[in-house]
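Here's a quick tour of the fold, the packing and the charged pairs in this one. Have the structure open and follow along.

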Amino acid sequence: MLTLTAPKALTPKVLRRRSDFLAANKGLRNAKVGFVLLTRPNGGEGMRYGITVTKKIGNAVVRNRMKRRFRELLRDALPTHGLADHDHVLIGRSGGVERGFAEMGEELGAALERAKAGKGDSARGRRPRRGRRDVKPK
């Protein structure tokens, strides 16, 4: 069986530092049923991706299965549909556990197309910053 892989130049790198994930959170947001895709320019560091699935989703087995599925989806989609010199972060949602693989692939393609067009979802429903904002510093 012959397997084709993307050339090394097109192979996305993995985000490892927390600061990269926090920076991506300030970028464009595309929400789907099974995941949220965050994209943000990274200043010429190439195409990179990160995956995060919180404990709210389920136990370790469920979270790891979801991360494996996300890795495979990104490995397939990013070399052809990803944004050059951008960070891509997938945040798992509880709807993604039961979602079919092909269905999630279509949703990821649609989210990447929206990101390429510069379209994102509103920040509706995001939690406000912590702390009191009505108190002025002395």
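Let's begin with the charges: the count comes to eight salt bridges. Keep in mind that this is a predicted model. The protein chain has three helices and five strands, and read along the sequence they follow the pattern β-α-β-β-β-α-β-α.

**Salt bridges**

- Arg 48 and Asp 87 form a salt bridge, with their closest N and O atoms 2.7 Å apart.
- That pair ties together distant parts of the chain: Arg 48 sits in strand β4 and Asp 87 in strand β5, 39 residues apart.
- Both ends of this bridge are out of the solvent's way in the accessibility sense, as Arg 48 is buried and so is Asp 87.
- Arg 48 and Asp 87 also belong to a network of salt bridges, together with Arg 17, Asp 20 and Glu 45.
- Over at Arg 99, there are two acidic partners to look at: Glu 103, at 3.3 Å from N to O, and Glu 107, where the closest N and O atoms are 2.4 Å apart.
- Are those two glutamates buried or exposed? Glu 103 has 37% relative accessibility, so it counts as partly exposed, whereas Glu 107 has a relative accessible area of 13%, under the 20% cut-off, and is therefore buried.

**Overall packing**

- The protein chain has 138 residues, and 34% of them count as buried.
- Take the contacts with a sequence separation of 6 or more: 79% of them are between residues 24 or more positions apart.

**Helix α2**

- Helix α2 covers residues 60–81, which is 22 residues, so at 1.5 Å a residue it should span 32 Å. Its end C-alpha atoms are 30 Å apart, which agrees.
- There's still a kink to spot in α2: about 25°, centred on Leu 74.
- Which residues of α2 are buried? They are Val 62, Arg 63, Met 66, Arg 69, Phe 70, Leu 73, Leu 74, Ala 77, Leu 78 and Pro 79.
- What covers those buried residues includes three strands, β3 (35–41), β4 (48–52) and β5 (86–92), plus helix α3 (101–116).

**Nonpolar cores**

- The largest nonpolar core has 21 residues, and the members that touch the most others are Phe 35, Phe 70, Leu 74, Leu 90, Leu 108 and Leu 112.
- Two or more residues of this core come from each of β3, β4, α2 and α3.
- Helix α2 gives the most, with seven residues.
- A second, separate core has five residues, among them Leu 15, Val 36, Leu 38 and Val 89.
- Back in the largest core, Leu 112 is worth clicking on. Leaving out residues up to four places away in sequence, Leu 112 touches Leu 37, Ala 77, Leu 78, His 81, Gly 82, Leu 83 and His 88.

**The aromatic pair**

- The structure holds one aromatic pair. The ring centres of Phe 35 and Phe 70 are 6.1 Å apart and the planes are at 85°, so the pair is edge-to-face.
- This is another link between distant parts of the chain, with Phe 35 in strand β3 and Phe 70 in helix α2, 35 residues apart.
- Phe 35 counts as buried because its relative accessibility is 1%. Phe 70 is buried too, with a relative accessible area of 0%.

**Two residues to check by eye**

- Asp 85 is found in the loop between α2 and β5. Its phi is positive, about 55°, although Asp 85 is not a glycine.
- For background, most residues other than glycine have a negative phi.
- Asp 85 counts as partly exposed, because its relative accessibility is 36%.
- Thr 39 lies in strand β3 and is buried, with a relative accessible area of 4%.
- What does Thr 39 touch, not counting residues up to four places away in sequence? Its contacts are Gly 27, Leu 28, Asp 87, His 88 and Ala 115.
- Asp 87 in that list is the salt-bridge partner of Arg 48, and His 88 is also touched by Leu 112.

Key: Residues are numbered from 1 along each chain as its sequence is written. This is a predicted model: local features need pLDDT of at least 70, side-chain atom pairs count only at pLDDT 80 or more; totals for chains, interfaces and linings use all residues. Side-chain values use heavy atoms; hydrogens and water are left out. Helices (H or I, at least four residues) and strands (E, at least two) are DSSP runs, numbered from the N terminus. The expected span of a helix is 1.5 Å times one less than its number of residues. The bend at a residue is the angle between axes fitted to the seven residues ending there and the seven starting there. Buried means under 20% relative accessible area, exposed over 50%, partly exposed in between (1.4 Å probe, protein chains only). Contact means heavy atoms within 4.5 Å. A nonpolar core is a set of buried Ala, Val, Leu, Ile, Met, Phe, Trp, Tyr and Cys residues joined through side-chain atoms within 4.5 Å. A salt bridge is a side-chain nitrogen of Lys or Arg within 4 Å of a carboxyl oxygen of Asp or Glu. Rings of Phe, Tyr and Trp (its six-membered ring) pair if their centres lie within 6.5 Å; planes under 30 degrees apart count as stacked, over 60 as edge-to-face and the rest as tilted.
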